[in-house]
Amino acid sequence: MSVEQMSNLIGASVEFDESTPLLGSMEQKSPPTFRTSFHSFLTAINPIDTEGWPEMKWYGKIYELFKSPFMFMLIITIPVVDYDADRHKWNRPLNTLQCVTGPLFCAVATQGAFKSLSPHFPVWALILLIGIILAVVVFCTSKTEEYPKYHWAFAYAGFVVAVIWIYSIANEIVNLLQMFGVVFSISNAVLGLTLLAWGNSIGDLIADTVMAKQGFPRMGISACFGGPLFNLLLGIGIPFTIGCIKQGGVFKIEFTLLQVILVAFLTLSLLSSLIIIPLSKFYIGRAYGIYLIILYIAFLVTAVLTETGVIHANF
């Protein structure tokens, strides 16, 4: 092969234009400075959507400002690992701070921070010391421009802290409901059957409806039965196990007519689904949905009348 043929072959395989530099790109990424790192940290902990702020209505801006303190607390305590985001959402200063704030929040939320290991050494001091040591290790073994190899561990830590947040919020909601019950002379059972039950299930209702409308009806139906089953088995099993341990192996439950009505309507609903759905060849129509709504209304009315003493029986 001649020199001319070789040059033609190389020219055909590599295309250049006027904008292509002959010596390659002269741009080089400068190493991150303290200023850029601090700016990225402030951007990460900003609880307000600054990009969408100009397009928000006035009530949207008020809501954004209202939720900003809560969002700020969530941001500085819960690590987030997103594999679809840039650097998997790794932020060296923020993740280092979360090594301290996350464990401290968990200790305070579970009411164990102010217990004492010794007369002059509380639990929160030990957790703070461990958090600072962990933060120093993370800061010294990581880089600002790339996530470390152990970044996946922050996902599990974030899950634990998020569960503690849910636990704390649920406790506060229950306390608020009990306050309303005391003010308006409403029993805890009626509050649990109405406000607490609706608040606990509204998220599942929206999520299951959205999944069904997006073309995943089986997933929605499975979640309708899987969520209550999880609450029954773990939501009741774990607290009762803890109660039995605290009370020496026995946890006494007051057996009333209301418990009978709860079990009866739950059994009727499950038996209806067990019989009607297979007979209809697993096609759930509007009529069955209306039947379940009527069954729930009948249960709610019966339970409230029982709790208020209109329906009564001796056990």
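This note goes through helix 6, its crossings with helices 4 and 7, and Tyr 150 in the loop before helix 6.

1. The model is a predicted one, in which local features need pLDDT of at least 70 and side-chain atom pairs count only at pLDDT 80 or more, while totals for chains, interfaces and linings use all residues. Residues are numbered from 1 along each chain as its sequence is written, and side-chain values use heavy atoms, with hydrogens and water left out.

2. Helix 6 covers residues 152-184, helices here being DSSP runs of H or I with at least four residues, numbered from the N terminus. Its 33 residues should span 48 Å at 1.5 Å a residue, and the end C-alpha atoms, 49 Å apart, agree with this; the expected span is 1.5 Å times one less than the number of residues. Just after helix 6, Ser 185 takes a positive phi of about 60°.

3. The axes of helix 4 (residues 92-109) and helix 6 come within 10 Å and cross at roughly 35°, where axes are lines fitted to C-alpha atoms over the stretch in contact and angles run from 0 to 180 degrees between N-to-C directions. The crossing is left-handed, that is, the near helix is turned anticlockwise from the far one by less than a right angle, clockwise being right-handed. Contact (heavy atoms within 4.5 Å) involves, among others, Cys 99, Gly 102 and Phe 105 of helix 4 and Val 161, Ile 164 and Trp 165 of helix 6. The residues of this contact divide into nine nonpolar, three polar and no charged, with Ala, Val, Leu, Ile, Met, Phe, Trp, Tyr, Cys and Pro counted as nonpolar, Asp, Glu, Lys and Arg as charged, and the others, Gly among them, as polar.

4. Helix 6 and helix 7 (residues 188-213) also have axes that come within 10 Å, crossing at roughly 125°. That makes helix 6 oblique to helix 7, since angles under 35 degrees count as roughly parallel, over 145 as roughly antiparallel, 65 to 115 as roughly perpendicular and the rest as oblique. The crossing is right-handed.

5. The buried residues of helix 6 include Phe 154, Gly 158, Leu 177 and Gly 181, buried meaning under 20% relative accessible area, exposed over 50% and partly exposed in between, with a 1.4 Å probe and protein chains only. Their cover includes helix 3 (58-77), helix 4, helix 5 (123-140) and helix 7.

6. Tyr 150 lies in the loop between helix 5 and helix 6 and is partly exposed, at 27% relative accessible area. Leaving aside neighbours within four places in sequence, Tyr 150 is in contact with Val 137, Val 138, Thr 141 and Ser 142.

Definitions and conventions
Helix = DSSP H or I, 4+ residues; strand = E, 2+ residues; numbered from the N terminus.
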